[in-house]
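I sat down with this model today and kept a running notebook. Here is what I looked up, in the order I went.

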Amino acid sequence: MSGILTYVLHYEGEFNKNSLGAVSEAAKRASDIGAEAHAVVVGEGISDDLAKSLGRYGATKVYRANAPEGLAQPVVDVMAKLIGDNGYDYALFGGGLLGFEIGAGVAARVGGGVTMEVTEIKAQDGKLVAERPILQDSAIVDVAYDGGVGVIIGRLNAFEIEESGSGDAQVEDVDVQLSDFSTKAKVIQRGEQRGADVNIEDADILVGGGRGLGKAENFSLAEDLANALGGAVAATRAVVDAGWYPYAAQIGQTGKTVAPKLYLAAGISGAIQHKVGMQSSENIVAINKDQNAPIFEFSDLGVVGDLHKILPKLTDAIKAKKGS
Ligand SMILES: Cc1cc2nc3c(=O)[nH]c(=O)nc-3n(C[C@H](O)[C@H](O)[C@H](O)COP(=O)(O)OP(=O)(O)OC[C@H]3O[C@@H](n4cnc5c(N)ncnc54)[C@H](O)[C@@H]3O)c2cc1C
């Protein structure tokens, strides 16, 4: 059978958003190539209703395996068996560390090809082609699969969630014998989601920090200013990818879309993918040491200079004005 099998990460009665984006993408591309989009969920206590609900995103069938969740190897076992038994042409993942790990494991197990950090998928001559940015996102390569199973791992949030399906998916329970080594690890504790407490969508004032801040510790400059202004801190993808700030604060094409009264961009170049997430802000102020930075093309006020000098002075001036 020709088809796309998508892994859907489940945790405490909810599906992960990246996974729902991947299912939506699988449904679209499956229809492009005349195939079916199926999904697989691995975990404990996944209800019928929850599993069926993947039909809303276009999955026609959902395999449910009762196995430990949050670990890669049990999922690799389940997916390798399903692919072997049913002959899927493609396995799709929404991204994230677990997606990378499982996808790589599945590719190795079934002898497939793998493409990571995929930002778009298209259909060509009845087959899927994965688009992947390279060289610090300055170019895009097309990756086609020449036989075997094509494993496609998306970049986080690259695929949009779309409710396209008309009804419930058919749910099939699968009982897969896990490999000995797959049961050797177990999850002891889950950490809190990084940046779960950052709420940038409701803030009237946002101070956006970019690579121009130089290092993670310098985000304190943006935080001090945001605190003085009574706002919150946002970030570019470059800095969240570098681990300087939480993903929850990312603005742009693959992050959040905001429209505050004031967006103050500090050390942000103004790449199109960032612009689409903040261009509706009422007032845009940019601080950048490069007078030719693209951000100045859509700013209401531009300040050419070194943010390390400007931000602390601005913070002091605002505090002084507010008398705090
Ligand atoms: C498919 C895809 C999706 C993407 N999605 C997003 C997204 O959702 N959000 C996003 O933000 N990006 C996204 N990107 C990445 C985007 O293309 C840019 O790479 C990113 O926005 C750049 O981040 P930056 O402005 O922090 O870094 P840079 O582009 O490196 O810019 C840093 C800026 O800081 C300035 N600077 C340096 N030092 C100082 C200083 N001391 N004082 C003042 N200014 C200084 C520099 O002049 C420069 O303009 C995406 C890319 C792709 C391909």
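**Entry 1: domains and overall build.** Before anything else I noted that the domain bounds I use come from an automatic or database domain assignment. I also noted that this is a predicted model. The assignment gives me domain 1 (3-183) and domain 2 (205-322). Taken over C-alpha atoms, the centres of domain 1 and domain 2 are 35 Å apart. I found 8 helices and 17 strands in the chain. The C-alpha trace spans about 70 × 45 × 35 Å along its principal axes. Of the 324 residues, 46% count as buried. I looked up contacts between residues at least 6 apart in sequence, and 67% of them join residues at least 24 apart.

**Entry 2: around the ligand.** Which residues come nearest to the ligand? I noted G210, G212, R237, G252 and S269, out of 31 residues around it. Four elements give two or more residues to this shell: α6 (237-241), α7 (272-278), β16 (283-288) and α8 (307-322). By type, I have 9 nonpolar, 16 polar and 6 charged residues in the shell. Both domain 1 and domain 2 supply at least three residues each to the shell.

**Entry 3: the cores.** I went to the largest nonpolar core next, which has 58 residues. V23, V40, M79 and A91 touch the most other members there. Helix α3 (residues 72-86) gives the most to this core, with 7 residues. A second core lies apart from it, with 38 residues, among them A222, W244, L264 and I287. As a reminder to myself, nonpolar side chains tend to be buried together in soluble globular proteins. Back at A91, I listed its contacts beyond four places in sequence: L5, M79, I83, G103, V106, V149 and V151.

**Entry 4: strand β1.** L5 led me to β1 (residues 3-8), where I asked how many residues are buried. The count is 6 of the 6, so β1 is largely enclosed by the rest of the structure. Side chains in a regular strand alternate between the two faces of the sheet. In β1 both faces are covered, with G3, L5 and Y7 buried on one side and I4, T6 and V8 buried on the other. I then checked the pairing. β1 runs parallel to β4 (residues 36-42) over 6 bridges, and L5 has H38 as its bridge partner in β4. β1 is also parallel to β6 (residues 90-93), with 3 bridges joining them, and I4 has Y90 as its bridge partner in β6.

**Entry 5: helix α5.** For α5 (residues 219-229) I wrote down the buried residues as F219, L221, A222, L225, A226, A228 and L229. What covers them includes β13 (205-209), β14 (232-235), β15 (262-266) and α8. After α5 comes G230, with a positive phi near 75 degrees.

**Entry 6: two odd phi values.** Most residues other than glycine have a negative phi, which made me look for exceptions. E12 has a positive phi of about 45 degrees, and E12 sits in the loop between β2 (10-11) and β3 (14-15). Is E12 buried or exposed? E12 is exposed, with 8 other C-beta atoms within 10 Å. D125 has a positive phi too, near 50 degrees, and lies in the loop between β8 (120-124) and β9 (127-134). D125 is exposed as well, with 7 other C-beta atoms within 10 Å.

Definitions and conventions
Residues numbered from 1 in each chain as written. Predicted model: local features only at pLDDT ≥ 70, side-chain atom pairs only at ≥ 80, totals over all residues. Near = placed C-beta within 6 Å. Nonpolar A, V, L, I, M, F, W, Y, C, P; charged D, E, K, R; others polar. Core = buried A, V, L, I, M, F, W, Y, C linked by C-beta atoms within 7 Å. Buried ≥ 20, exposed ≤ 12 C-beta atoms within 10 Å, placed from the backbone. Contact = placed C-beta atoms within 7 Å. Pairing = 2+ DSSP bridges.
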